[in-house]
Amino acid sequence: MRILRALAVATVLSSIAVPVAAADGLPVLGVDVGASGVAAPDGGSRYVTIPAPGGTMVERSRRAGGQILSATFHRGRFTVPAVAYDGSASGLSGDRHTLVLIEPRRSFPRATTSLLVLHAPSLAYRALVKLRGDFSFDAVSPNGSRLFLIQYLSPADPTRYAVRSFDLGTMRLVAAPIVDPREAGESMRGNPLSRVESRDGGMAYTLYDGGGAHPFIHALDTARATARCIDISGLELAALPRLRLHLGDGGRLVTVADGTRTLASVDTRTLSVRPPSRSHAWPVSAIAAALAGATLLALVLRLRRRRPVRRPVPVD
């Protein structure tokens, strides 16, 4: 069973299309969102990273028109962190005051991990976080005081991980990992496939494949440093690489979609799963049957109108 699950996970990862570029912090090489960057919650500006001799150029530009608003050079190689294999980017706090960059990955596992923390408006240096062990970036609290990281626990299996919190005030990694209190005894497994965040950055929702078992959404409360794991049943393994998360209904729903087809929805207030509404979504077969019936009815009515009227023959 473990071998079958490992093969299933490998199949999913091999089918995920990723740009061929320098590696980001995620375990699978080739994912880098530095050039596309991360956008501010209001959509007014975007932050990108550009490799430069001896370091990294960080730019903040206006999304409408591309005007560069600020730019700084920092020693060392850093990039905007990708947080899912669909190229979802993160690193900007909800209040738009903190920007977190991560050292690109060259191999898995790696012995140390570095993150560069900047004051977002000016792109000025704020802190350099150096950690022993292999981590990737996950999220930042709305006020930029706390980082959330994914720590990889196995040098051979990147689907085994723990969610950790780093306090920028004390510059220390919080000892206890962040777990769902309902599943405190269960190990975290899976690959991050897609991510959406609330507008204020207070919630980060990540779709995981479950390591070949049960897909779930990891709902991380970045303001309170708590988490819930929400199982999503009925998803086909072969379809997982195509699935994307979306925020809808004014932020009250997180939907799991395959293209335009919604497979499941999560109420962000109760974190309960809703089945997709089918009241306005007819199956293709039903639509075809309805069209065929309407066509047949129209043909019958037309034949009736064309049929000559037989008048009775008078009898002498």
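How many residues lie between β15 and β16 in their hairpin, and which residue in the turn has a positive phi? There are four residues between the two strands, and Ala225 has the positive phi, about 60 degrees. Keep in mind as you look around that this is a predicted model.

**The overall picture**

Let's step back to the whole chain. The protein chain has 316 residues, and 44% of them are buried. Its secondary structure comes to two helices and 20 strands. Take the contacts with a separation of 6 or more: 45% of them are between residues 24 or more positions apart.

**Strands side by side**

Back at the hairpin, β15 and β16 pair in the antiparallel sense, with six bridges between them. If you want one spot to look at, find Ala219, whose bridge partner in β16 is Arg228.

Further along the chain there is an open sheet of four strands, in the order β17-β18-β19-β20, with antiparallel pairing. Its edges are β17 (243–248) and β20 (273–274), each of which pairs on one side only. β17 is joined to β18 (residues 253–258) by six bridges, and these two run antiparallel. Here, Arg244 stands opposite Ala257 in β18.

The two strand pairs can be set out like this:

| Strand pair | Sense | Bridges | Facing residues |
|---|---|---|---|
| β15 and β16 | antiparallel | six | Ala219 and Arg228 |
| β17 and β18 | antiparallel | six | Arg244 and Ala257 |

**The nonpolar cores**

In soluble globular proteins, nonpolar side chains tend to be buried together. In this model, the largest nonpolar core has 32 residues. Tyr47, Leu92, Leu99, Leu101, Tyr161 and Leu220 are the ones with the most contacts inside that core. Several strands give two or more residues to this core, among them β5 (98–102), β6 (112–119), β10 (160–167) and β14 (203–208), and both hairpin strands, β15 (216–221) and β16 (226–231), are on that list too. The largest share, three residues, comes from β9. There is also a second, separate core of 18 residues, which includes Leu207, Val256, Ala264 and Val266.

**A closer look at Val58**

Val58 sits in strand β3 (residues 55–62). Is Val58 buried or exposed? Val58 counts as buried because its relative accessibility is 1%, and the cut-off for buried is under 20%. Leaving out residues up to four places away in sequence, Val58 touches Val48, Thr49, Ser70, Ala71, Thr72, His74, Leu99, Leu101, Leu118 and Leu123. Thr72 is 14 residues away from Val58 in sequence, yet their C-alpha atoms are 5.5 Å apart in space.

**The cavity**

The structure holds one cavity of 30 Å³ or more, and the largest cavity has a volume of about 70 Å³. Which residues line the largest cavity? They are Leu26, Val83, Ser136, Phe137, Asp138, Ile150, Tyr152, Pro158, Tyr161, Gly190, Pro192 and Tyr208. By type, that lining divides into nine nonpolar residues, two polar and one charged. β8 (135–140) and β9 each supply at least two of the lining residues, with β8 giving the most, three.

Tyr161 is worth another look here: it lines the largest cavity and is among the residues with the most contacts inside the largest core. Setting aside neighbours within four places in sequence, Tyr161 is in contact with Ile150, Gln151, Tyr152, Leu153, Met188, Arg189, Gly190, Tyr208 and Phe216.

Notes:
Residues are numbered from 1 along each chain as its sequence is written. This is a predicted model: local features need pLDDT of at least 70, side-chain atom pairs count only at pLDDT 80 or more; totals for chains, interfaces and linings use all residues. Side-chain values use heavy atoms; hydrogens and water are left out. A nonpolar core is a set of buried Ala, Val, Leu, Ile, Met, Phe, Trp, Tyr and Cys residues joined through side-chain atoms within 4.5 Å. Buried means under 20% relative accessible area, exposed over 50%, partly exposed in between (1.4 Å probe, protein chains only). Contact means heavy atoms within 4.5 Å. Two strands pair if DSSP finds at least two bridges between them. On a 1 Å grid over the protein atoms alone, a cavity is a set of points where a 1.4 Å probe fits but cannot get out, and a pocket is an open set with protein on both sides within 12 Å along at least five of seven lines; lining residues have an atom within 4 Å of a point. Grid points are joined across faces, edges and corners, and a volume is the space filled by probe spheres set on the points. Ala, Val, Leu, Ile, Met, Phe, Trp, Tyr, Cys and Pro count as nonpolar, Asp, Glu, Lys and Arg as charged, and the others, Gly among them, as polar.
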